[in-house]
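Work through these exercises with the structure open beside you. Try each task before reading its solution.

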Amino acid sequence: MPDLSAFAITKKWPARHPERLQLYSLPTPNGVKVSIALEETGLPYEVHRVAFDTNDQLSPEFLSLNPNNKIPAILDPNGPNGRPLALFESGAILVYLAAKTGQLMPTDEAARYETLQWLMFQMGGIGPMFGQLGFFHKFAGKDYEDKRPRDRYVAESRRLLKVLDGRLAGRQWIMGDDYGIADIAVFPWVRNLAGFYGAGEIVGFDDFREVRRVLDAFVARPAVQRGLAIPPAP
Ligand SMILES: N[C@@H](CCC(=O)N[C@@H](CS)C(=O)NCC(=O)O)C(=O)O
């Protein structure tokens with residue numbers, strides 16, 4: 001049985017199954033990327049809830065694994081060379097899970113780089129820009145009188161949706177027939193923009209028919225539906 005006691009995070013969130021990959025998360029657009037990938041691959045894991053209402057992400061135990069105080073994070077007891085591996089940043093975790101399982105990533109080398117390119121497009125573009133739009137459209141920023149910041153993120157989100165729409169034309173998924181980590185990174189954010197953030201109208205979501213088509217196919221996947229509800233509400 002692997003010993004994870006050297007990892008302070010296990011003091012606050014004890015591992016009942018230390019032989020399984022440990023996931024620290026919440027069902028947010030970044031959190032569900034990892035639970036969806038885990039559900040898709042079938043890798044056994046144990047999930048721990050990092051509650052924002054009690055600022056669990058700022059606890060010393062969580063910070064010992066992720067000094068950037070954000071979910072998701074993982075602790076894999078069976079990492080490279082059979083040693084435990086702690087990891088944060090959802091993009092890095094997706095790449096790790098794909099490499100570990102040999103799934104969700106094409107085998108061809110050029111196609112692998114292309115997958116990373118679209119993954120980075122999400123991490124550097126879609127995530128931060130849609131997130132800012134959420135702040136200025138739905139959360140505290142919506143009361144600001146000056147609408148220029150909101151308008152900037154509306155325009156940038158529309159631009160990114162157009163790029164994505166162009167990529168998806170004539171393709172089933174971002175990487176064509178190969179569903180994988182690029183889709184798992186992008187579509188939880190697209191779903192959130194039109195859904196939870198209520199920003200569908202302001203960004204003209206209906207103009208992006210290819211994005212809508214692939215979003216529908218994405219959320220229809222059983223593993224996606226399971227991953228979207230992890231960890232379950234207490
Ligand atoms: N680039 C990070 C972003 C993670 C992130 O922003 N997580 C949010 C939830 S979606 C969070 O943990 N927020 C808590 C906080 O900022 O205190 C990743 O992709 O993992």
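**Exercise 1. Helix α4 and its end**

Task: Find the residue that follows α4 and state the sign of its phi. Then work back through the helix.

Solution:
- Step 1. In this predicted model, G102 comes after α4, and its phi is positive, near 70°.
- Step 2. Now take the helix itself. α4 covers residues 90-101, which makes twelve residues.
- Step 3. Check the span. From first C-alpha to last, α4 reaches 16 Å, close to the 16 Å expected at 1.5 Å a residue.
- Step 4. List the buried residues. In α4 they are S90, G91, I93, L94, Y96, L97 and A98.
- Step 5. Ask what they pack against. The partners are the strands β1 (21-25), β3 (73-76) and β4 (85-88), together with the helices α2 (29-41), α5 and α7 (181-194).

**Exercise 2. Positive phi outside glycine**

Task: What is phi for E89, and what is it for N55? Place both residues and classify their exposure.

Solution:
- Step 1. E89 is not a glycine, yet its phi is positive, about 80°.
- Step 2. E89 sits in the loop between β4 and α4.
- Step 3. The relative accessible area of E89 is 37%, so E89 is partly exposed. The class runs from 20% to 50%.
- Step 4. N55 has a phi near 55°, again positive and again in a residue other than glycine.
- Step 5. N55 belongs to the loop between β2 (45-49) and α3. With 40% relative accessible area, N55 is partly exposed.

**Exercise 3. Aromatic pairs**

Task: How many aromatic pairs does a search of the whole structure find? Classify two of them.

Solution:
- Step 1. The search gives 13 aromatic pairs.
- Step 2. Take W118 and F121. Their ring centres are 5.0 Å apart and their planes stand at 75°, so this pair is edge-to-face. The cut-off for that class is over 60 degrees.
- Step 3. Look at the sequence spacing. W118 and F121 are three residues apart in helix α5 (residues 109-137), so about one helical turn separates them.
- Step 4. Check burial. W118 is buried at 10% relative accessibility, and F121 is buried at 17%.
- Step 5. Take F135 and F136. The centres lie 4.9 Å apart and the planes are at 90°, so this pair is edge-to-face.
- Step 6. Check burial again. F135 is partly exposed at 29%, whereas F136 is buried at 12%.
- Step 7. Widen the view. F135 and F136 form one aromatic cluster with Y144 and Y153.

**Exercise 4. Charges over rings**

Task: Over which ring does the charged end of K138 sit? Over the face of which residue does R221 lie?

Solution:
- Step 1. The charged end of K138 is over the ring of F196, 4.6 Å from its centre.
- Step 2. R221 lies over the face of Y179, and here the distance to the ring centre is 3.6 Å.

**Exercise 5. Two domains**

Task: Describe how domain 1 and domain 2 meet.

Solution:
- Step 1. Set the bounds. The domain assignment gives domain 1 as 9-103 and domain 2 as 109-224.
- Step 2. Find the separation. The domain centres, taken over C-alpha atoms, are 23 Å apart.
- Step 3. Count the contacts. 14 residues of domain 1 touch 15 residues of domain 2.
- Step 4. Give the area. The two domains bury about 1,200 Å² between them, with 74% of it on carbon and sulfur atoms.
- Step 5. Name the main contributors in domain 1. P29, I36 and E40 lose the most area to domain 2, together 42% of what that side buries.

**Exercise 6. Far in sequence, joined in space**

Task: Where is L26 found, and which residues does L26 touch? Then inspect the cis peptide bonds at P72 and P231.

Solution:
- Step 1. L26 is in the loop between β1 and α2. L26 is buried, at 9% relative accessible area.
- Step 2. Compare two distances. L26 and L228 are 202 residues apart in sequence, but 9.4 Å apart C-alpha to C-alpha.
- Step 3. Set aside residues up to four places away in sequence. The contacts of L26 then include I71, I230 and P231.
- Step 4. Look at the bonds. From I71 to P72 the peptide bond is cis, with omega near 5°. From I230 to P231 the bond is also cis, with omega near -5°.
- Step 5. Place the prolines. P72 lies in the loop between α3 (60-65) and β3, and P231 in the segment after α10 (222-227).

Methods: Residues numbered from 1 in each chain as written. Predicted model: local features only at pLDDT ≥ 70, side-chain atom pairs only at ≥ 80, totals over all residues. Heavy atoms only, no water. Phe/Tyr/Trp six-rings, centres within 6.5 Å; stacked < 30°, edge-to-face > 60°. Helix = DSSP H or I, 4+ residues; strand = E, 2+ residues; numbered from the N terminus. Buried < 20%, exposed > 50% of the residue type's maximum accessible area, 1.4 Å probe, protein only. Lys NZ or Arg CZ within 6 Å of the ring centre and 35° of its normal. Expected span 1.5 Å × (residues − 1). Contact = heavy atoms within 4.5 Å. Domains from an automatic or database assignment. Buried area = accessible area lost by both parts, 1.4 Å probe.
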